Amino acid sequence: MSSERGKDVAEGSSRVNPGDPQQTPSRYESQKRRDWNTFGQYLKNQRPPVPLSQCNCNHVLDFLRYLDQFGKTKVHLQGCMFYGHPDPPAPCTCPLRQAWGSLDALIGRLRAAYEENGGSPETNPFASGAIRVFLREVRECQAKARGIPYKKKKKKPSQGKGNHESSSTSHLS
């Protein structure tokens, strides 16, 4: 239990006590609850309906693909004349998709909600390697389509070394 508490603090989670009527849920908690309910409804609408206990990463991947139809981010196809251009000069017929960042945040909220609703971390379908691979592919595909390379951010050098020494002391004068 204490490791969970430390995790909450590290991730900035703000748990709400459902029995406390005076405490309003944070925006994150409200969104997490909405996302969880939406996913649950998606499973119920499957033919045949899928009980949460039988949900796996394939159901999560299908859900993410289903959400694409409601996306607002233009993702140029490889044959499009604007493929690879960050600011296309004219409209095109390429599809709108869910942005990678939205999907990544959604999976984070659903991953937390799954465990908060009694799911075990070992069986969490939102924490699957297949989901991480899918998200990485979406990020890379969208970056190429927009002509924006995704590169890992480099750590800033420590303030006390090399060229940065003068800049770190200049604000003191």
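Here are some notes on how this chain is put together, starting from the whole and working inwards.

1. **The overall layout.** Keep in mind that this is a predicted model. The chain has 6 helices and 2 strands, and if you walk along the sequence you meet them in the order α-α-α-β-β-α-α-α. There are 173 residues in the chain, and 27% of them are buried. Take the contacts between residues at least 6 apart in sequence: 55% of these join residues at least 24 apart.

2. **The core.** Which residues touch the most other members of the largest nonpolar core? They are Phe39, Val60 and Phe126, out of 23 residues in that core. The elements that supply two or more residues to this core are α2, α3, α4 and α5. Have a look at Phe126 in your viewer. Setting aside neighbours within four places in sequence, Phe126 is in contact with Trp36, Phe39, Val60, Ile107, Leu110, Arg111, Tyr114 and Ile131.

3. **α2 against α3.** Now for the helix pairs. The axes of α2 and α3 are 11 Å apart, and the packing angle is about 105 degrees. Angles from 65 to 115 degrees count as roughly perpendicular, so that is the label for α2 and α3. On the α2 side, Thr38, Phe39, Tyr42 and Leu43 make the contact, and they meet His59, Val60, Asp62, Phe63 and Tyr66 of α3. Sorted by class, the residues of this contact are 6 nonpolar, 2 polar and 1 charged. You'll recognise Phe39 and Val60 from the core.

4. **The loop with a cis bond.** Between α2 (27–45) and α3 (57–67) there is a loop, and Pro48 lies in it. What kind of peptide bond joins Arg47 and Pro48? It is a cis bond, with omega at about -5 degrees. For background, most peptide bonds are trans.

5. **α3 against α4.** This pair packs at about 140 degrees, with the axes of α3 and α4 12 Å apart. An angle counts as roughly antiparallel when it is over 145 degrees, so α3 and α4 are described as oblique to each other. Their crossing is right-handed. Val60, Phe63, Leu64 and Leu67 come from α3, while Leu103, Leu106, Ile107 and Leu110 come from α4. How many of the residues in this contact are nonpolar, polar or charged? The split is 8 nonpolar, no polar and no charged.

6. **α4 against α5.** Helix α4 (residues 100–116) and helix α5 (residues 129–146) have axes 9 Å apart and pack at an angle of about 165 degrees. That angle makes α4 roughly antiparallel to α5. Here the crossing is left-handed. From α4, the contact uses Trp100, Leu103, Asp104 and Ile107, and their partners in α5 are Ile131, Phe134, Leu135, Val138, Arg139 and Gln142. By class, that gives 7 nonpolar, 1 polar and 2 charged residues.

7. **A closer look at Gln142.** This residue lies in helix α5. Is Gln142 buried or exposed? Its relative accessibility is 6%, so Gln142 counts as buried. Leaving out residues up to four places away in sequence, Gln142 touches Val75, Arg97, Gln98, Ala99 and Trp100. Try finding Gly84 as well: Gln142 and Gly84 are 58 residues apart in sequence, and their C-alpha atoms are 9.3 Å apart in space.

Definitions and conventions:
Residues are numbered from 1 along each chain as its sequence is written. This is a predicted model: local features need pLDDT of at least 70, side-chain atom pairs count only at pLDDT 80 or more; totals for chains, interfaces and linings use all residues. Side-chain values use heavy atoms; hydrogens and water are left out. Axes are lines fitted to C-alpha atoms, for helices over the stretch in contact, and angles run from 0 to 180 degrees between N-to-C directions. Helices (H or I, at least four residues) and strands (E, at least two) are DSSP runs, numbered from the N terminus. Angles under 35 degrees count as roughly parallel, over 145 as roughly antiparallel, 65 to 115 as roughly perpendicular and the rest as oblique. A crossing is left-handed if the near helix is turned anticlockwise from the far one by less than a right angle, and right-handed if clockwise. Contact means heavy atoms within 4.5 Å. Ala, Val, Leu, Ile, Met, Phe, Trp, Tyr, Cys and Pro count as nonpolar, Asp, Glu, Lys and Arg as charged, and the others, Gly among them, as polar. A nonpolar core is a set of buried Ala, Val, Leu, Ile, Met, Phe, Trp, Tyr and Cys residues joined through side-chain atoms within 4.5 Å. Buried means under 20% relative accessible area, exposed over 50%, partly exposed in between (1.4 Å probe, protein chains only).
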